[in-house]
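Subject: Structure for you to look at

Hi,

Here is the structure I promised. Please open it alongside these notes.

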Amino acid sequence: MPLVPTAQIMDQAVRAARGQGAFNVIHLETAQALITAAEQAAVPVILQISENCMKYHGSLAPLTLACKALAEESSAEIALHLDHAEDEALAYQAIELGFGSVMFDGAKLEFEQNVAATARVVAAAREAGVYVEAELGEIGGKDGAHAPGVRTDPQEAALFVQRTGVDALAVAVGSSHAMTERSANLDLELIDRLARHLEVPLVLHGSSGVPDAVLQEGIRAGLRKINVSTHLNGFFTRAVRQWLDENPAGVDSRKYLAAGRSALSGEAARLLRLFAGA
């Protein structure tokens, strides 16, 4: 079916008080794996293309068009999201390309600058019916502020949401980007307070470093959109490495990429069910 609006998928998650998986696309094989996972789990999925991914491919359009084509051939509900766009112009480009949502990441800006830039993106997105996610304070890892002790302030977050009109907010509650070990703890009390203070869904970035049981507790406390990338990339890479180790004479990249695709798909389906069942 055609891509569905991100707002539709998020509204379903909010009404059901469940977690919605949002997984990053790195290349065509990742997109194929994630869509297969959604079909297997019978759960919607939000495909995310980041600014870093766009830079790797050289432009935003090719992978976007591929995701659209794959969605057309799928029976699953699939939305397309621009992840971590620090370039305001890229957010506008994604809106023009038909993304269902964009995340403008102004977390490195001063508060007033972040508010002003985010509000501009929201205004442009509203005209196109596009959902907007934003971030207040950097998410950790990559020298961000989801380091221990750094947290989103509920009152500041409420003011930010009020002044920008965003549809969802990524919050700092204990996770960190690019973690390869699942050892992070979430501040469940803070998640609960943020959920009570804010009228928009809460988004968890850096979810790869959070254990299953803690993610489920976070969802029950109020998290609604759960972003995962590094954890799934690990499944893909380990499967590729294993295939190459077992087939040292192999030269057909389709064979080892297929192994990676299959491994990623199975774990993504498991996570979609885990989040939806929380």
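Two strands count as paired if DSSP finds at least two bridges between them. Keep in mind that this is a predicted model.

The barrel comes first. On that pairing rule, 8 strands close into a barrel in the order 1-2-3-4-5-6-7-8, and the pairing is parallel. Neighbouring strands are turned by 25° against each other on average, direction ignored. Take strand 1 (residues 20-24) and strand 2 (residues 45-50): they run parallel and are joined by 3 bridges. Asn-24 stands opposite Gln-48 in strand 2.

Next, the helices on the sheet. Helix 2 (residues 28-41) packs there and touches strand 1, strand 2 and strand 3 (78-85). Its direction makes about 165° with that of strand 2. Helix 11 lies across strand 1, strand 2 and strand 8 (223-228), at about 150° to strand 1.

Helix 11 (residues 253-277) also packs against helix 10 (residues 230-246). The angle is about 145°, and the axes are 8 Å apart. The crossing is right-handed. Helix 10 contributes residues including Phe-235, Phe-236 and Trp-243, while those from helix 11 include Tyr-256, Arg-261 and Leu-264. By class, this contact has 14 nonpolar, 2 polar and 3 charged residues.

Last, a pocket. The second largest one has a volume of about 160 Å³. Among the residues lining this pocket are Val-14, Asp-167, Glu-199, Gly-222 and Arg-224. Its lining divides into 8 nonpolar, 1 polar and 3 charged residues.

Best wishes

Methods:
Residues numbered from 1 in each chain as written. Predicted model: local features only at pLDDT ≥ 70, side-chain atom pairs only at ≥ 80, totals over all residues. Heavy atoms only, no water. Axes fitted to C-alpha atoms, helices over the stretch in contact; angles between N-to-C directions. Helix = DSSP H or I, 4+ residues; strand = E, 2+ residues; numbered from the N terminus. Left-handed = near helix turned anticlockwise from the far one by under 90°. Contact = heavy atoms within 4.5 Å. Nonpolar A, V, L, I, M, F, W, Y, C, P; charged D, E, K, R; others polar. 1 Å grid on protein atoms, 1.4 Å probe; cavity = no way out; pocket = protein on both sides within 12 Å on 5 of 7 lines; lining within 4 Å. Points joined across faces, edges and corners; volume = space filled by probe spheres on them.
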